Every structure is written in structure tokens, then in C-alpha cells.
Amino acid sequence: MRYEEAMNLTDEKFRRLTGVKKATFIKMVAILQEAHTIKKARGGRPNKISLEDILLMSLEYLRECRTYFHIAGSYGLSESYAYKLIRWTEDTLIKSGAFSLPGKKALYGDTLE
């Protein structure tokens with residue numbers, strides 16, 4: 001499913017598909033857009049798919065545990081290019097610091113020593 005189709009879904013179905021709310025998705029796209037602008041300021045070829053589709057592809061990989069082979073086939077890319085885009089997306093979002101998961105202590109409470 002591409003970005004245009006996914007945004008037509010209800011908020012509940014969008015969250016079920018991607019694992020994040022639409023507002024969070026839009027924040028992620030803004031972070032990726034900023035990083036993409038910096039990256040492409042030095043030049044280079046344009047991406048074959050939009051940033052929204054790249055993020056959707058990355059969330060699909062994380063949520064469904066699909067292989068790069070299957071994701072690449074769905075988006076009309078090579079397997080190595082899909083890997084490269086997903087890694088870039090993950091690294092960019094982690095570096096931004098805007099999104100984080102709780103640590104083990106927060107998840108397990110006081111049971112850890």
C-alpha cells in the first residue's frame with residue numbers, strides 16, 4: 001500500500017497498518033525531509049520513491065518483519081536499495097532524538113536488580 005492510499009484510511013486503520021498515529025507519521029516525515037535536504041545539498045540522484053513511501057516502507061519492515069526481497073518487490077526497487085533506504089530512515093530517526101523507547105527498567109519496573 002502506498003502513502004496516498006494509506007492516508008485515506010481512518011486513524012485507527014492507519015495505526016494498525018503502520019504502528020504509529022498519523023500525527024507521529026507526519027512528524028517523522030518532517031524529520032526525514034530536513035535530513036534529506038541536508039543530504040541532497042551536496043548533490044546526487046533523486047530518490048526513486050517519495051519520502052513518505054520510504055517511511056511507510058520502513059515501518060512496514062519493522063512492523064511486519066517482511067524481508068527486503070518482498071518489500072523491494074512491492075515498491076519496485078532492488079533489494080539492496082530497499083535495505084539502504086530503510087537503514088537511512090532508521091538511522092535518521094534515531095539520531096534526531098525525537099523518538100525513543102523506554103529502557104528495560106521502565107518496562108520491567110522494579111524487578112530488575
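A crossing of two helices is left-handed if the near helix is turned anticlockwise from the far one by less than a right angle, and right-handed if clockwise. That convention is needed at the second stop of this tour.

The structure is a predicted model, in which local features need pLDDT of at least 70, side-chain atom pairs count only at pLDDT 80 or more, and totals for chains, interfaces and linings use all residues. Residues are numbered from 1 along each chain as its sequence is written, and side-chain values use heavy atoms, with hydrogens and water left out.

**Stop 1: the whole chain**

Select the protein chain and display it as a cartoon. Seven helices and zero strands are present, and the order along the sequence reads α-α-α-α-α-α-α. Helices (H or I, at least four residues) and strands (E, at least two) are DSSP runs, numbered from the N terminus. Of the 113 residues, 30% are buried; buried means under 20% relative accessible area, exposed over 50%, and partly exposed in between (1.4 Å probe, protein chains only). The chain exposes about 7800 Å², of which carbon and sulfur atoms supply 55%; such areas come from the Shrake-Rupley method with a 1.4 Å probe, and for residues only the protein chains shown count as cover. Among contacts with a separation of 6 or more, 56% join residues 24 or more positions apart, where contact means heavy atoms within 4.5 Å.

**Stop 2: α4 against α5**

Two packed helices are described by the angle between their axes and the distance between the axes. Select residues 51-64, which form α4, and residues 68-75, which form α5: their axes come within 11 Å and cross at roughly 150°. Axes are lines fitted to C-alpha atoms, for helices over the stretch in contact, and angles run from 0 to 180 degrees between N-to-C directions. The two helices are therefore roughly antiparallel to each other; angles under 35 degrees count as roughly parallel, over 145 as roughly antiparallel, 65 to 115 as roughly perpendicular and the rest as oblique. The crossing of α4 past α5 is right-handed.

Show side chains next. On α4, D53, L56, M57, E60 and Y61 meet Y68, I71 and Y75 of α5. This contact comprises six nonpolar, no polar and two charged residues. In this classification Ala, Val, Leu, Ile, Met, Phe, Trp, Tyr, Cys and Pro count as nonpolar, Asp, Glu, Lys and Arg as charged, and the others, Gly among them, as polar.

Now select C65, in the loop between α4 and α5. C65 is not a glycine, although its phi is positive, about 55°. With a relative accessible area of 64%, C65 is exposed.

**Stop 3: α4 against α6**

Keep α4 and add α6, residues 79-96; the pair packs at an angle of about 90° with axes 9 Å apart. That makes α4 roughly perpendicular to α6. L51, I54, L55, M57, S58, Y61 and L62 on the α4 side meet A82, L85, I86, W88, T89, E90 and L93 on the α6 side. By class, eleven residues of this contact are nonpolar, two polar and one charged.

**Stop 4: α3 against α6**

Retain α6 and select α3, residues 22-40. Here the axes come within 10 Å and cross at roughly 105°, which makes α3 roughly perpendicular to α6. M28, I31, L32, A35, H36 and K39 of α3 make the contact with W88, T89, T92, L93 and S96 of α6. Its residues divide into six nonpolar, four polar and one charged.

**Stop 5: two residues of α3**

Select K27, which is found in α3 and counts as exposed at 53% relative accessibility. Add A98: the C-alpha atoms of K27 and A98 are separated by 9.0 Å, with their positions 71 residues apart along the chain.

Finally, select Q33, also in α3, which counts as partly exposed at 40% relative accessibility. Q33 and E52 are 19 residues apart in sequence, and their C-alpha atoms are 9.3 Å apart in space.
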